[in-house]
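Student: I am new to this structure and would like a close look at one part of it, the pair of stacked aromatic rings, together with enough of the surroundings to place that pair in the whole chain. Please take the steps slowly.

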Amino acid sequence: MAQTNKPSLLIVDDDPLISDTLTYVLSKDFDISAAESRAQVKSLLMQLDEPPQLALVDLGLPPQPHKPDEGFALIADLLGVSPSIKILVLSGQSDEANARHARALGAIDFVAKPCEPDRLKSLLYNALLVQNAERTAEKEPAVKDSGIVGSSLAMDKLRQQIMQYAAAPFPVLIEGESGSGKERVASSLHQLSPRSPKPYLALNCAAISPTLVEPTLFGYAKGAFTGATSARAGYFEEAENGTLFLDEIGELPLELQAKLLRVLENGEYQRVGETQPRFSNARVVTATNRDLRAEIKAGRFRADLYHRLSVFSIAVPPLREMGEDKLTLLDYFRDFYAREAKSQPFSLDPRAQQMWKDYHFPGNVRELRNIAIRLTTKYPGAQVNAQQLEAELDTDQAYPQEIPLASDGKALIELARKQLQTHANFNLDVTLRQWEKAYVEAALNMTHGNLSQAAKLLGINRTTLYSRMQTYGTD
């Protein structure tokens, strides 16, 4: 991507007419890269010096253009590469369930096709304003505490661990789900350490080509490879006595894991193309949303490196386990974005507030933050009711993977209570039909279409199963 003063925008759509039209309409205002599939996006990101600031993404992408699955996966891919990227979904698959799920995964908003160019520009520039405000806030002077918002036991424990480990020189491994705030924890560890005046460098191991990881981390000599027209220092050298944060460490290629282990053991490394050793005193902090123990068993991660990286280990809790902190975080982000927008903050009515507390937030803090942004834009200074809030929540994904079959029925009653609270227009008949259809299709999938075996799994006779299949139009 050529260096310009325009904000960078990635357009992903498998329809060349739409992609070309969007490129033509938006190229005056944005520095555009385009791709037609997830695979092309991954290849493109490897070539760019840095990830794009914005993305405009279609859900229906090859190899299944009539389903939203590839688009959903791409949202997760992009946020894994660049947590600060702002993703706007522009899709013809615009039913409410898809919109909610895309937002839950981390998209800042969802727009149905077709969309007027002026509206698209406005939405993209609003997303850019939000991004700039967040980056400005991140650059504020070091805080005296951890900067972690919340008063639950889980947050208290997290703060205590950050304060306890900040001053130590040893590596820290941060584990947690996507969107839970691992980057914030890493930054806080640096800000609260004696190293805070020194550099803080971050590298996302999933965002860079495997062939570039070694020269990026360790630097290279002039002529070390094609394109190396001059010598260059790597992150370990530039971090000096500061902190080096390696995000998505589970993505680090096996051959480089041995070299990272060597630096952790004695501080020694070599630039690519050099033989003389260099030494680094940078503190290494890593993060992952993978289970590295499972990766070790699968032969994809070195056990000795894992033990080196996890001298101290911090588990960032998912938002669903944080109780009243859901409201505390809402207050924090609502006030922040209202100030940035120079508008009055919204509020939730009692039923909406209860819905907020009961919601499971599959996208964690990132999802909560994006909901606060959208509500600030849509309802400045207003009171948001349950129906308005429900439109922002991914309630269609709220059912547990397993129905709790408690003998006294209390667990089922609790499940029903939560569904009634989070669905403003709940319909019992529709819900029961959805569950029944899901069980019929699951049984047929498990038995590869064998009606007799599927009926046995469901505890009904074959004739009844066939009748249900006709009712739901199941193939």
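Tutor: What follows starts with the whole chain, turns to the aromatic pair, and then visits some other places along the chain.

The model is a predicted one, and its chain contains 20 helices and 14 strands. For a chain of 475 residues a compact globule would have a radius of gyration near 23 Å, and the 25 Å found here agrees with that. Along the principal axes the C-alpha trace spans about 75 × 55 × 50 Å. Of the 475 residues, 47% are buried, and among contacts with a separation of 6 or more, 70% join residues that are 24 or more positions apart. The exposed area of the chain comes to about 23800 Å², with carbon and sulfur atoms supplying 51% of it. As for charge, there are 52 positive and 60 negative side chains, and the centres of these two sets lie 3 Å apart.

Now to the part you asked about. A search of the whole structure finds 13 aromatic pairs. In the pair made by Tyr165 and Phe312, the ring centres are 4.2 Å apart and the planes meet at 10 degrees, so the pair counts as stacked, for which the planes must be under 30 degrees apart. Tyr165 belongs to helix 6, which covers residues 153–165, whereas Phe312 belongs to strand 12, which covers residues 312–315, so the pair ties together parts that are 147 residues apart in sequence. Both Tyr165 and Phe312 are buried. Elsewhere, Tyr332, Phe333, Phe336 and Tyr337 form one aromatic cluster.

To set the pair in context, it helps to look at individual residues and at what they touch. Leu348 is found in strand 13, residues 347–348, and with a relative accessibility of 10% it counts as buried, since the limit for that word is under 20%. Setting aside neighbours within four places in sequence, Leu348 is in contact with Leu330, Gln353, Trp356, Gln383 and Val384. One of these, Gln383, lies 35 residues away along the chain, and its C-alpha atom is separated from that of Leu348 by 5.4 Å.

Phe72 is part of helix 3 and is buried, with a relative accessible area of 12%. Beyond its neighbours within four places in sequence, Phe72 is in contact with Leu59, Asn98, His101, Ala102 and Leu105. The C-alpha atoms of Phe72 and Ala315, which are 243 residues apart along the chain, are separated by 26 Å.

Asp109, in strand 5, is a charged residue that is nevertheless buried, with a relative accessible area of 17%. Not counting residues up to four places away in sequence, Asp109 touches Ile87, Leu88, Val89, Arg103 and Arg374. Between the C-alpha atoms of Asp109 and Val41, 68 residues apart along the chain, the separation is 20 Å.

The backbone also deserves a careful look in several loops. Most residues other than glycine have a negative phi, and most peptide bonds are trans. Against that background, the peptide bond from Pro62 to Pro63 is cis, with omega near 5 degrees, and Pro63 lies in the loop between strand 3 (54–57) and helix 3 (69–81), the helix that holds Phe72. The bond from Lys113 to Pro114 is cis as well, with omega near -10 degrees, and Pro114 sits in the loop between strand 5 (109–112) and helix 5 (117–138).

Two further residues have a positive phi without being glycine. Glu248 has a phi of about 50 degrees, and its place is the loop between strand 8 (243–247) and helix 10 (254–266); at 10% relative accessibility, Glu248 counts as buried. Phe361 has a phi near 45 degrees and lies in the loop between helix 14 (350–358) and helix 15 (364–378), where Phe361 is buried, with a relative accessible area of 0%.

To return to your request, the stacked rings are those of Tyr165 and Phe312, both of them buried, and the pair ties a helix to a strand 147 residues apart in sequence.

Technical notes:
Residues are numbered from 1 along each chain as its sequence is written. This is a predicted model: local features need pLDDT of at least 70, side-chain atom pairs count only at pLDDT 80 or more; totals for chains, interfaces and linings use all residues. Side-chain values use heavy atoms; hydrogens and water are left out. Helices (H or I, at least four residues) and strands (E, at least two) are DSSP runs, numbered from the N terminus. The radius of gyration is taken over C-alpha atoms; the globule rule is 2.2 Å times the number of residues to the power 0.38. Buried means under 20% relative accessible area, exposed over 50%, partly exposed in between (1.4 Å probe, protein chains only). Contact means heavy atoms within 4.5 Å. Accessible areas come from the Shrake-Rupley method with a 1.4 Å probe; for residues, only the protein chains shown count as cover. The place of a charge is taken as NZ of Lys, CZ of Arg, CG of Asp or CD of Glu. Rings of Phe, Tyr and Trp (its six-membered ring) pair if their centres lie within 6.5 Å; planes under 30 degrees apart count as stacked, over 60 as edge-to-face and the rest as tilted.
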